[in-house]
Structure formats: structure tokens, C-alpha cells
Amino acid sequence: MGKKGGGGGGGGSKGGGGGKGKGKGDSGASAASEPKEKKGGTAVKVRHILCEKQSKSMEALAELQNGVKFNEVATKYSEDKARSGGDLGWMTRGSMVGPFQDAAFALPKSTVANPNYVQVKTKFGYHIIMVEDKK
């Protein structure tokens with residue numbers, strides 16, 4: 001009788017937190033409704049503005065703070081191949097340099113019209129990063 005009443009599997013799927021290997025069938029269905037399971041995610045759709053000099057990066061930051069759209073500032077200031085609005089597309093963990101990756105996965109999703117952004121320095125220069133989506 002204890003086995004019949006031990007519907008712990010149902011209770012486990014509600015909690016969702018301890019399900020490393022349990023309930024694989026359920027995790028796919030609940031992943032969309034429980035974004036907390038994706039903590040940092042494995043990929044981010046990221047835009048950036050890369051400037052070799054800090055002074056140019058500060059000018060770009062000032063434009064963003066004045067309400068200019070991120071993609072317009074990126075086209076004007078970015079010094080790399082992502083000049084087309086700063087769009088780097090989907091980037092996965094391990095494909096970015098450390099400080100850039102840490103910042104990208106820590107940022108919340110936002111839009112080019114109302115971006116949440118952060119500035120980080122890497123061996124490539126000064127990046128202003130925003131994240132459009134996560135998965």
C-alpha cells in the first residue's frame with residue numbers, strides 16, 4: 001500500500017529543481033513554462049559595440065544613454081565585422097572570451113530600442129554588450 005500511495009514522481013515533477021536525470025520526458029514540456037530551469041542558458045543572441053580605445057567606447061555609451069538605438073550606435077562606432085548593428089547572432093558558452101561571456105550570460109534580455117547593456121574590456125578592446133534572447 002505504501003508503494004501505491006508513494007506518487008513521489010508526481011510531486012518531483014512539480015518541484016522540478018532536483019530533476020537532473022529524472023523525468024526527462026517532463027522536462028522538455030515544462031522547460032518552456034519554467035524558465036528558471038535555464039538558469040544561465042547555453043546560448044545568447046548578442047549584439048556588441050567594439051572599440052579599441054576607451055574614449056571612443058565612452059562616446060558610444062553617451063549616445064546610448066541619450067536614447068539612440070543600440071544598432072545605430074553600433075553601426076557608427078563598432079570597429080569590427082559586426083558593424084551591421086552589432087549583431088553577433090547566437091553565441092554558445094565557450095565560444096566567447098571570459099569577461100565577454102560572463103557579462104553576456106549575466107545580462108537580461110532587452111531590445112535595441114530599450115537596451116540593457118554593460119561595458120567590458122577584453123584583449124580585443126572595449127565591448128558594450130546587450131542580449132536580445134537566451135536559450
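Q: A crossing is left-handed if the near helix is turned anticlockwise from the far one by less than a right angle, and right-handed if clockwise; which kind does α4 make as it passes α5?
A: Quick heads-up: this is a predicted model, numbered from 1 along each chain as its sequence is written, where local features need pLDDT of at least 70, side-chain atom pairs count only at 80 or more, and totals for chains, interfaces and linings use all residues. Side-chain values use heavy atoms, with hydrogens and water left out. Helices (H or I, at least four residues) and strands (E, at least two) are DSSP runs numbered from the N terminus. As α4 passes α5, the crossing is right-handed.

Q: Are α4 and α5 roughly parallel or roughly antiparallel to each other?
A: α4 (residues 54-65) and α5 (residues 70-77) have axes 10 Å apart, at an angle of about 155°. Axes are lines fitted to C-alpha atoms, for helices over the stretch in contact, and angles run from 0 to 180 degrees between N-to-C directions. Over 145 degrees counts as roughly antiparallel (under 35 is roughly parallel, 65 to 115 roughly perpendicular, the rest oblique). So the two helices come out roughly antiparallel.

Q: In what order do the four strands form the open sheet?
A: Two strands pair if DSSP finds at least two bridges between them. β1 pairs with β2 over five bridges and with β4 over eight, while β3 and β4 share six. Each of these pairings is antiparallel. Put the neighbours side by side and you get β2-β1-β4-β3.

Q: Which residue in β4 is the bridge partner of R47?
A: R47 has a partner in β2 too, standing opposite D87 there. In β4, Y117 bridges to one residue, and R47 also has a bridge partner in that strand. For R47 the partner is M130.

Q: Is S110 buried or exposed?
A: S110 is found in the loop between α6 (98-106) and β3 (117-122). Leaving aside neighbours within four places in sequence, S110 touches P115, N116, M130, V131 and E132 (contact means heavy atoms within 4.5 Å). Buried means under 20% relative accessible area, exposed over 50%, partly exposed in between (1.4 Å probe, protein chains only). At 9% relative accessibility, S110 therefore counts as buried.

Q: Which strands does α5 touch as it packs on the sheet?
A: Helix α6 lies across β1, β2, β3 and β4, at about 35° to β4. α5 packs on the sheet as well, its direction making about 45° with that of β1. The strands α5 touches are β1, β3 and β4.

Terms used. A crossing is left-handed if the near helix is turned anticlockwise from the far one by less than a right angle, and right-handed if clockwise.
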